[in-house]
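This report goes through a few parts of one protein model in turn. Keep the structure open while reading, and find each residue as it comes up.

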Amino acid sequence: MDVDEIAGIEEHCMQHPAVLAEIEKLKLPPGMTVCNDPWMYGTDDPNEKRRLFQCFMYIVEVDHPENNHYSLPCKFSPVFDARTKELVRMDYLPGGADHQTVETQPWVPVKAVQYAPELLDEPLRTDLKPYIVQQPQGASFSVDGNSVYWQKWRFRVGFNNREGLVLHNITYDKRNVFYRLNVSEMTVPYGGEHPRISLKYSNANITHLDPRAPYHRKQAFDVGDVGFGLNANQLSLGCDCLGHIKYFDGYRSDSKGNPVLLKNIICMHEQDNGLQYKHTNYRSNAATVKRNRQLVLQMICTVANYEYIFAYIFDQAGNVELEVRATGILSTVPFDNLNGETVPWGTNVGPGVMAPYHQHMFSLRIDPAIDGFNNTVYYEDSVPLPEDENNPYLVGYTTEQTVIRKSSSANTDVNRHRVFKIRNDNVINPITYKPVSYKLMAAPSQMLLLPKHAVGHQRAEFASKPIWVTKYQDNELFAAGEFTNQSKKADGVETWVQRNDDTENEDVVLWHSKSFLLLRQ
């Protein structure tokens, strides 16, 4: 969705006579107004070809730049055709646990839940002393254009509209490690399947997500639908970043193709992360200890109500970590909870407002180059040794390796302490006598909760497996396919693995899907 297009829909919605008529029915007190968030339409009808937006409406309590309008959701949602600007229909949102809706009624006054310090009734805590990060001799990194040099690391910082921060040509001690690292996709399904879409619909299968219409359409692909680059924040010292900071700018294009400069959208700094290692020789009581200095590259994206923080963390021992955090505000819906009503798929977060449970599903794309471009992905399980004469005391254990020889998917397994590795079979470590490799510390997490026959599952099949391995092909960059807005079915990793390509000692790509759930209690 184009930034200018979203702004145009938002403005058009607030001027449309049918929308103004609904607002008039609310009979709001003087000084209170209404705003809207245009959302991607998701998928509702397999035959729908129009480019649609659904606008979720909210009451604005006070005229303040940090007013929390998500605290006061309305019960009507206009749907617009983005091309013709036609009002397709007015959806009315359910206010209870069932699918029942009513037309707009006068608003029952409740006080908004605010987050801005200026709007809070309670004073902020004042018992924290200043925390000052000092680097009197400056930072230990150097930068030449977009090329970064720090300790034994060398890499290039990239940025684009869709993926935002991308790291290229990563080397360690002048040895190739990764060709490209980035978050390739993310999906956030909020609702279950509508009964007219899924013939196997039943409440028992989908109480994990809001089963009520029209929330079955709320499935954002924040990379493919809108773009992390388009939503990247302008970062500021002392708030988003601490210490000696290097900022990187980026560009996006507007709807007419003009370049738009985005200032300070990536920040880079060093941080102390506690101990790197320590050992005390108990005989002499002499201790050897080193601190863990890290280099952090950070991007923060605001996608309507949420902020996503992405931080690539490099350390002095050759490790790279991607830290993903979510902050901001939950996506809320109206709910008549003034008399103690609750639902099993969400949590009441304020008077007349509920936040549905939902998943955030990320796909990390790893294009490896471990001492070269021909690599092999395999997984390693910890298993006990056989109970035979070689293991008489039953204490031995070893590892089993399974090579992913063809493009396919794989599962994590905590019970077997499964780890995934990328190795170069053509380069042998002179100490271990094994091929050099990098270990992926895959984050075991629940995969997509939607059933396979659900449209939301078919659109985001990348999130059904934690590991995918494909053979590199040009333009295969996005886990859910190139076009996600109002997609009916994904055209991404689940399609590419069906080629059954050879992936042993080949130019491969490893995709890691990870989720975190918001089950606010």
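## Two hairpins in a row

Ser147 stands opposite Arg156, a residue of strand β7. This pair belongs to a region where strand β6, residues 147-150, runs antiparallel to β7, residues 153-160. Four bridges join the two strands. The model is a predicted one, and the details below should be read with that in mind.

β6 and β7 form a hairpin with two residues between the strands. Gln151 in this hairpin takes a positive phi near 50°. β7 also pairs with strand β8, residues 164-172, again in the antiparallel sense, and here there are seven bridges. In this second pairing, Trp153 stands opposite Tyr172 of β8. β7 and β8 make a hairpin too, with three residues between them.

## Two annotated positions

Which residues does the UniProt annotation "active site" cover? The entry, which is unreviewed, gives this label to Asp222 and Tyr306. The two are spread over 85 residues of sequence, yet they cluster in space, with a largest C-alpha distance of 10.5 Å.

Asp222 is part of helix α4, which covers residues 222-226, while Tyr306 is found in strand β14, residues 306-315. Are these residues buried or exposed? A residue counts as buried when its relative accessible area is under 20%. Asp222 has a value of 3%, so it is buried. Tyr306 has a value of 4%, so it is buried as well. Leaving aside residues up to four places away in sequence, Asp222 touches Glu185, Met186, Val188, Gly227, Phe228, Val303 and Tyr308.

## A sheet of three strands

Another part of the model is an open sheet of three strands in the order β16-β18-β17, with antiparallel pairing. Its edge strands are β16 (333-334) and β17 (346-350), each of which pairs on one side only.

β16 is joined to β18, residues 353-356, by two bridges in the antiparallel sense. Pro334 has Val353 of β18 as its bridge partner.

## A cavity lined in part by β16

Strand β16 comes up again in the account of empty space inside the model. Rolling a probe the size of a water molecule over the atoms shows where such space is left. The structure holds five cavities of 30 Å³ or more, and the second largest of them has a volume of about 50 Å³.

Which residues line the second largest cavity? Among them are Phe56, Met57, Tyr58, Pro73, Cys74 and Leu93. Tyr215, Lys218, Thr332, Val333 and Pro334 also belong to the lining. The elements that give two or more residues to this lining are β2 (52-60) and β16. β2 gives the most, with three residues. Pro334 therefore has two roles in this description: it lines the second largest cavity, and it is the bridge partner of Val353.

## A buried serine

The last residue to find is Ser515, which lies in strand β26, residues 508-518. With a relative accessible area of 4%, Ser515 is buried.

What does Ser515 touch? Not counting residues up to four places away in sequence, Ser515 touches Gln359, His360, Met361, Ser445 and Gln446. For Gln446 there is a further detail: its backbone oxygen lies 2.4 Å from a polar atom of the side chain of Ser515.

Definitions and conventions:
Residues numbered from 1 in each chain as written. Predicted model: local features only at pLDDT ≥ 70, side-chain atom pairs only at ≥ 80, totals over all residues. Heavy atoms only, no water. Pairing = 2+ DSSP bridges. UniProt positions renumbered as here; feature names shortened; annotations may be inferred. Buried < 20%, exposed > 50% of the residue type's maximum accessible area, 1.4 Å probe, protein only. Contact = heavy atoms within 4.5 Å. Polar contact = N/O pair within 3.5 Å; in protein donor to acceptor, adjacent residues only side chain to side chain. 1 Å grid on protein atoms, 1.4 Å probe; cavity = no way out; pocket = protein on both sides within 12 Å on 5 of 7 lines; lining within 4 Å. Points joined across faces, edges and corners; volume = space filled by probe spheres on them.
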